[in-house]
Amino acid sequence: MEGYHLSPLHAKTLHSITPTVLCEKLPDGPAFTGYRANFHADCPERGPFHPDLTDQERRSDVFYCIYPSFVVGFCPHFTLYMCIRPLSADSVGVRWGVTGVPANPQAEEVLQYVRFCKAFCDEDRAQLERLQIGLHSPSHRLGPLAPDDYEGTVWDLVQYMARRLGQAANERDPSIGAGEVQ
Ligand SMILES: [Fe+2]
């Protein structure tokens with residue numbers, strides 16, 4: 001749910017369409033965060049799309065996360081959704097799909113986009129599995145976040161977790177004032 005990884009991790013798939021450098025953080029709220037991934041100038045339009053879309057909406061994907069883990073990607077031609085749920089402390093289950101498709105879901109353009117989604121999800125999975133191993137290393141150290149347009153959504157998610165975890169801690173200890181994050 002951030003644009004920072006698009007170019008380095010998805011070099012073979014998404015980088016040529018929505019490179020990291022063109023990503024923009026979008027307004028967030030108490031229950032959501034999002035960003036816009038603008039198309040590279042060399043990327044052709046991805047249609048068919050609704051005629052009411054603005055020029056920018058025709059040339060960008062908008063991703064929103066409804067906390068904690070429901071992600072929707074509004075693309076000009078299709079909408080991608082992904083529901084991630086914890087299965088254990090170190091594993092998740094993912095249910096995803098494509099909606100807003102033409103009347104025939106077996107149309108070649110739909111199947112082609114689904115294949116594309118599977119390709120970049122495989123890239124994410126491979127990297128996340130390596131990350132999971134790395135996080136268990138005793139030499140693992142936290143690093144700074146990239147600027148807001150690239151990793152602002154990560155900051156928003158961390159703030160959401162702090163609000164929820166702080167709230168739970170406050171409920172256990174009435175001496176802690178409401179809204180204080182411990
Ligand atoms: Fe990804």
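**Exercise 1. Work out how many of the 27 residues of α3 are buried, and what that says about where the helix lies.**

Step 1. Start with the meaning of the word: a residue is buried if 20 or more other C-beta atoms lie within 10 Å of its own, exposed if 12 or fewer, and partly exposed in between, with C-beta atoms placed from the backbone.

Step 2. Now count along the helix. The number of buried residues in α3 is zero, so this helix lies largely in the open.

Step 3. Check its length too. Helix α3 covers residues 108–134 and reaches 39 Å from its first C-alpha to its last, close to the 39 Å expected at 1.5 Å a residue. The expected span is 1.5 Å times one less than the number of residues.

A word on the ground rules: this is a predicted model, where local features need pLDDT of at least 70 and side-chain atom pairs count only at pLDDT 80 or more, while totals for chains, interfaces and linings use all residues. Residues are numbered from 1 along each chain as its sequence is written.

**Exercise 2. List the helices and strands in sequence order.**

Step 1. Helices (H or I, at least four residues) and strands (E, at least two) are DSSP runs, numbered from the N terminus.

Step 2. The protein has four helices and six strands.

Step 3. Reading along the sequence gives α-β-β-α-β-β-β-β-α-α.

Step 4. For the overall extent, the C-alpha atoms fill a box of roughly 60 × 35 × 30 Å, taken along the principal axes.

**Exercise 3. Find the order of the strands in the open sheet, and say which strands stand at its edges.**

Step 1. Two strands count as paired if DSSP finds at least two bridges between them.

Step 2. The six strands run in the order β1-β2-β3-β4-β5-β6, with antiparallel pairing.

Step 3. At the edges stand β1 (23–29) and β6 (91–99); each has a single partner strand, so one side of each is left without a neighbour in the sheet.

Step 4. From one strand to the next, the twist averages 15°. Axes here are lines fitted to C-alpha atoms (for helices, over the stretch in contact), and angles run from 0 to 180 degrees between N-to-C directions.

Step 5. Edge strand β6 is hardly covered, with a buried count of zero among its nine residues.

**Exercise 4. Trace the partners of β5.**

Step 1. On one side, β5 (residues 79–88) pairs with β6 in the antiparallel sense over nine bridges. A hairpin joins these two through two residues.

Step 2. Look at who faces whom: Cys83 stands opposite Arg95, Ile84 opposite Val94, and Arg85 opposite Gly93.

Step 3. β5 also pairs with β4 (residues 70–74), antiparallel again, over five bridges. That hairpin has four residues between its strands.

Step 4. Here Phe70 has Cys83 as its bridge partner in β5.

**Exercise 5. Name the residues of the largest nonpolar core.**

Step 1. A nonpolar core is a set of buried Ala, Val, Leu, Ile, Met, Phe, Trp, Tyr and Cys residues joined through C-beta atoms within 7 Å.

Step 2. The largest one has nine residues: Leu6, Leu14, Ile17, Cys23, Tyr35, Ala37, Phe39, Phe63 and Tyr150.

Step 3. Zoom in on Tyr150. Leaving out residues up to four places away in sequence, Tyr150 touches Glu2, Gly3, Tyr4, Thr20 and Cys23. Touching means being in contact, with C-beta atoms (placed from the backbone) within 7 Å.

Step 4. For the whole protein, buried residues make up 16% of the 182 residues.

**Exercise 6. Spot the cis bonds before Pro48 and Pro68, and place each proline.**

Step 1. The bond from Gly47 to Pro48 is cis, with omega near 0°. Pro48 is in the loop between β2 (32–38) and α2 (55–58).

Step 2. Tyr67 and Pro68 are also joined by a cis peptide bond, with omega about 5°. Pro68 lies in the loop between β3 (60–66) and β4.

**Exercise 7. Decide where the model deserves caution.**

Step 1. pLDDT is the predictor's confidence in each residue, from 0 to 100. The protein averages 90, and 92% of the residues score at least 70.

Step 2. Over residues 176–182 the pLDDT is below 50, and beyond near neighbours in sequence this stretch has 11 contacts in the model.

Step 3. Where pLDDT is low, the predicted coordinates should not be read in detail.

Terms used:
Two residues are in contact if their C-beta atoms, placed from the backbone, lie within 7 Å.
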